[in-house]
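Subject: Structure for you to look at

Hello,

Here is the structure I promised to pass on. Please open it alongside these notes.

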Amino acid sequence: MADILVGRRIRALRLEKGLSLSILSARAGISVGALSQIERGLSSLRIRTIWPLATALCVDPQDLVAEGKEPQRDVYCVPASARKTLPIHSDGIIKSLLSPHAAALTGMLVCVEVGGASGMYAHSGNEFGYVLSGELMLWIEGASYRLSSGDSFAFRSNLEHSFRNCGTEVAKILWVNTSKPEKE
């Protein structure tokens with residue numbers, strides 16, 4: 001189990017830094033095959049490879065092998081304590097990233113204060129949302145939709161859209177995009 005956790009940690013760090021297996025293996029001076037086996041938990045991380053890998057990933061060696069809690073960086077899971085808030089340009093809206101960095105989908109918990117609203121925008125990808133609590137007005141290409149707890153939506157992200165909390169309590173939405181958020 002320890003080999004699997006270490007491997008997942010290394011893979012998550014590599015993907016977070018946008019490195020391919022071949023680039024990281026070249027920087028660390030180990031073969032692509034050896035690195036692949038380490039990441040998959042099929043091979044143990046050797047003492048002589050800890051320092052070069054840590055240096056190539058720009059982390060402390062202990063970050064690769066620390067025991068105890070689940071890793072803060074993981075390919076599959078995001079502990080609530082490691083959740084990041086995405087930068088946005090609208091007051092009264094907080095977007096917390098729920099999905100791991102390397103995930104194909106971007107899952108977010110969007111909290112919209114009473115009266116909080118986004119501007120009209122469009123971008124690449126597709127969107128899906130599920131209103132967990134509160135009320136939300138959603139505008140898509142000029143059409144308006146009043147949504148409340150239990151309602152859901154889906155649309156192409158390249159359609160002009162915006163949203164606003166029209167209720168009397170904070171609106172919480174589980175929101176999923178197929179595109180990645182802008183860099184923090």
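Contact, as used below, means heavy atoms within 4.5 Å. Please keep in mind that this is a predicted model.

Overall picture

The protein has 5 helices and 9 strands. Along the sequence the helices come before the strands, in the pattern α-α-α-α-α-β-β-β-β-β-β-β-β-β. The radius of gyration is 20 Å, while the globule rule gives 16 Å for 184 residues, so the protein is more spread out than a compact globule. Its C-alpha atoms fill a box of roughly 60 × 30 × 25 Å along the principal axes. Of the 184 residues, 39% count as buried. The exposed area is about 10,300 Å², and carbon and sulfur atoms supply 53% of it. Take the contacts between residues at least 6 apart in sequence: 63% of them join residues at least 24 apart.

The helical part

Start with helix H1, residues 2–16. Its 15 residues should span 21 Å at 1.5 Å a residue. The end C-alpha atoms are 21 Å apart, which agrees. Buried residues of H1 include Leu 5, Val 6, Ile 10 and Leu 13. Three arginines are also on the buried list: Arg 8, Arg 9 and Arg 14. The cover over the buried residues of H1 includes helices H2 (21–28), H3 (32–39), H4 (47–57) and H5 (61–65). After H1 comes Gly 18, with a positive phi near 70 degrees.

The sheet

Six strands form an open sheet in the order S1-S2-S3-S9-S4-S7, with antiparallel pairing. Strands S1 (84–86) and S7 (152–156) stand at the edges. Each has a single partner strand, so one side of each is left without a neighbour in the sheet. On average, neighbouring strands are turned by 25 degrees against each other, direction ignored.

Inside the sheet, S4 (residues 126–133) and S9 run antiparallel and are joined by 6 bridges.

One residue to check

Which residue stands opposite Glu 127 in S9? That is Asn 177. Asn 177 lies in strand S9, residues 171–177. Is Asn 177 buried or exposed? The cut-off for buried is under 20% relative accessible area. Asn 177 has 10%, so it is buried. Leaving aside residues up to four places away in sequence, Asn 177 touches Leu 105, Thr 106, Met 108, His 123, Asn 126 and Glu 127. Glu 127 is thus both a contact of Asn 177 and the residue opposite it.

Best wishes

Definitions and conventions:
Residues are numbered from 1 along each chain as its sequence is written. This is a predicted model: local features need pLDDT of at least 70, side-chain atom pairs count only at pLDDT 80 or more; totals for chains, interfaces and linings use all residues. Side-chain values use heavy atoms; hydrogens and water are left out. Helices (H or I, at least four residues) and strands (E, at least two) are DSSP runs, numbered from the N terminus. Buried means under 20% relative accessible area, exposed over 50%, partly exposed in between (1.4 Å probe, protein chains only). Two strands pair if DSSP finds at least two bridges between them. Axes are lines fitted to C-alpha atoms, for helices over the stretch in contact, and angles run from 0 to 180 degrees between N-to-C directions. The expected span of a helix is 1.5 Å times one less than its number of residues. The radius of gyration is taken over C-alpha atoms; the globule rule is 2.2 Å times the number of residues to the power 0.38. Accessible areas come from the Shrake-Rupley method with a 1.4 Å probe; for residues, only the protein chains shown count as cover.
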